[in-house]
Amino acid sequence: MGAVTTITIEEARERILSFVPLLDAVEMPILDALGLALAEDVVAPLTIPPLANTSMDGYAVRAADTDGASDERPVSLRVVGELAAGYVFEGHVEAGTAVRIMTGAPIPAGADAVVPFEETDEPEGRNFGSFAKSRAEVGVLKTAKLGANVRPAGEDVHAGTTVLKRGTVLRPAHVGALASLGMAAVRVHRRPVVAILSTGDEIIEPGKPLAPGQIYDINAYSISAMVSEAGGVPKRLGIATDTVEALEQKLSEGLDADLLVTSAGVSRGDYDVVKDVLMKHGEINFWTVRMRPGKPLAFGTFPSGERRVPHIGLPGNPVSSMMSFELFGRPALYKMLGRNDWERPRVMAVCDEPIENTSGFTQFARVVLTEREGVWHARLTGSQSSGVLTSMATANGLAVMGEDVRALAVGDVVECLVLS
Ligand code: AMP
Ligand code: MG
């Protein structure tokens, strides 16, 4: 193994992103595709609405027939039919006639406007389905404009147009749009399976009793949750003790994954076993990334048949581990998913308390962001020790201090990443 190289955050991310692949496209039911990125443009196979239809309950008429109609001088039209949504009127609306019509029903041939019930002498207009009882004539009390209350065919979509672009991340409205086109399934990039392994003799599974010297496995859970949130499928491999055999055994169970994530054993002087196994089987680089928390990071590939599985070795420290996954793992998953929107929104915030950066690297301080009178304010979530995971749990933002920013005073403005 060569020396540990020191690189910037951007460099580390570029190296990782240049290696991870875009995953293949698969067809799946539109609801299962929620949150996934379209693998191809969606072209409308039909026009929506396919037929002009009414946006109001009322009477379909020929607008010209209603010229001059008023409360004092109603225009009387002969009612020749009644039409609910879902049916088509077989006849033709001739001059002097009207069809009683319900919202969504196609405009009968010959008609070119809809007079709502409120503008007729039948303002209640609600006893639909009793045409036999309804009157043979209707009085129109207002002049209808040509096309009034008519939703034209193709008002929403014309057949042949591109409705959704490749790469669109499907949200509820997109799922609805696909349904409107009659599409039950859609092609999207599949979810990456991420194998997650914790390492360390001291780590035990939550739910078991804790012996002196032991700690519960945090990383497998926080990282699995981040994987799920990003749209991936976590596959927890459990915990490997610090022996070559245990590590080899556990890693072998994760080689069908799209990405392998291990935690711990990458800090200087304490990664012997992880290092040995990775050096023996895979290709691995140990980096010091110019950031805090989270400076030790390993990245490499692990052979799996013909494939090489990308591997990210996160630091053991739970805060560092989440921070490194946020900056490197999440973008890698997004790339696999066909998404390019991994960057968090940023705001400029006023510091409500001083923040120090003694690391000489870019520092991410866990902060609570609040908006007061249109101005964002940031205050620390408490101890910034990378051992304090609760400082991460209460944060909704990360204040980013550049390498050369040693201290921020109250009132200074700092750029913050918005986490939630
Ligand atoms: P290491 O990288 O092995 O030196 O670990 C750094 C620190 O992180 C040590 O205090 C470990 O006990 C702790 N640590 C490592 N893995 C985990 C884990 N999965 N959950 C919680 N803490 C961990
Ligand atoms: Mg360890």
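In the predicted model, Asn149 is situated in the loop that connects β9 (137-140) to β10 (150-151). Although Asn149 is not a glycine, its phi is positive, at about 60 degrees. With a relative accessible area of 26%, Asn149 is partly exposed, because values between the 20% and 50% limits are classed in this way. A positive phi also occurs at Glu373, a residue other than glycine, where the angle is near 50 degrees. Glu373 occupies the loop between β24 (362-372) and β25. Its relative accessible area is 84%, so Glu373 is exposed.

The protein chain is divided into domain 1 (9-23 + 191-336), domain 2 (26-46 + 161-189), domain 3 (53-151) and domain 4 (346-418). The centres of domain 2 and domain 4, taken over C-alpha atoms, lie 39 Å from one another. Domain 1 and domain 4 each contribute at least three residues to the largest nonpolar core.

This largest nonpolar core comprises 38 residues, among which Ile16 and Phe328 touch the most other members. At least two residues of the core come from each of α1 (9-19), β13 (193-199), α3 (219-230), β17 (259-263), β18 (283-289), β20 (296-304), β21 (307-314) and α6 (318-337). The greatest contribution is made by α6, which supplies 10 residues. Neighbours within four places in sequence aside, Ile16 makes contact with Trp287, Leu297, Phe299, Ile312, Phe328 and Ala332. A second core, separate from the largest, holds 19 residues, including Ala195, Ala240, Val277 and Val309. In soluble globular proteins, nonpolar side chains tend to be buried together.

The helices α1 and α6 pack against each other at an angle of about 35 degrees, and their axes are 10 Å apart. Their crossing is right-handed. On the α1 side, the residues that meet α6 are Ile9, Ala12, Arg13, Ile16, Leu17 and Ser18; on the α6 side, the partners are Leu327, Phe328, Pro331, Ala332 and Lys335. Ile16 and Phe328 thus appear both in this helix pair and as the members of the largest core that touch the most others.

Ser320 is also located in α6. At a relative accessibility of 5%, Ser320 counts as buried. With residues up to four places away in sequence excluded, Ser320 touches Pro293, Gly294, Pro315 and Ser386. One of these partners, Pro293, is joined to Arg292 by a cis peptide bond with omega of about 0 degrees. Pro293 lies in the loop between β19 (291-292) and β20. A cis peptide bond also joins Ile48 and Pro49, with omega of about -10 degrees. The loop that contains Pro49 runs between β3 (42-43) and β4.

Asp57 is placed in the loop between β4 (53-54) and β5 (58-61). Its relative accessibility is 16%, so Asp57 counts as buried. The side chain of Asp57 reaches the backbone nitrogen of Thr103 at 2.8 Å. Along the chain, Asp57 and Ala84 are 27 residues apart, and their C-alpha atoms are separated by 9.4 Å.

Val80 belongs to strand β6 (residues 75-83). Val80 counts as partly exposed, because its relative accessibility is 30%. Excluding residues up to four places away in sequence, Val80 touches Phe89, Thr97, Ala98 and Val99. Val80 and Val99 are 19 residues apart in sequence, with a C-alpha to C-alpha distance of 5.7 Å.

Thr381 is found in the loop between β25 (375-380) and α7 (390-393). At 16% relative accessibility, Thr381 falls under the 20% limit and therefore counts as buried. Its side chain reaches the backbone oxygen of Ser391 at 2.8 Å. When residues up to four places away in sequence are not counted, Thr381 touches Arg366, Val367, Val368, Ser391, Thr394 and Ala395. Ser391 is therefore a contact partner of Thr381.

Conventions. Residues numbered from 1 in each chain as written. Chains lettered and ligands numbered in written order. Predicted model: local features only at pLDDT ≥ 70, side-chain atom pairs only at ≥ 80, totals over all residues. Heavy atoms only, no water. Core = buried A, V, L, I, M, F, W, Y, C linked by side-chain atoms within 4.5 Å. Buried < 20%, exposed > 50% of the residue type's maximum accessible area, 1.4 Å probe, protein only. Helix = DSSP H or I, 4+ residues; strand = E, 2+ residues; numbered from the N terminus. Domains from an automatic or database assignment. Contact = heavy atoms within 4.5 Å. Polar contact = N/O pair within 3.5 Å; in protein donor to acceptor, adjacent residues only side chain to side chain. Axes fitted to C-alpha atoms, helices over the stretch in contact; angles between N-to-C directions. Left-handed = near helix turned anticlockwise from the far one by under 90°.
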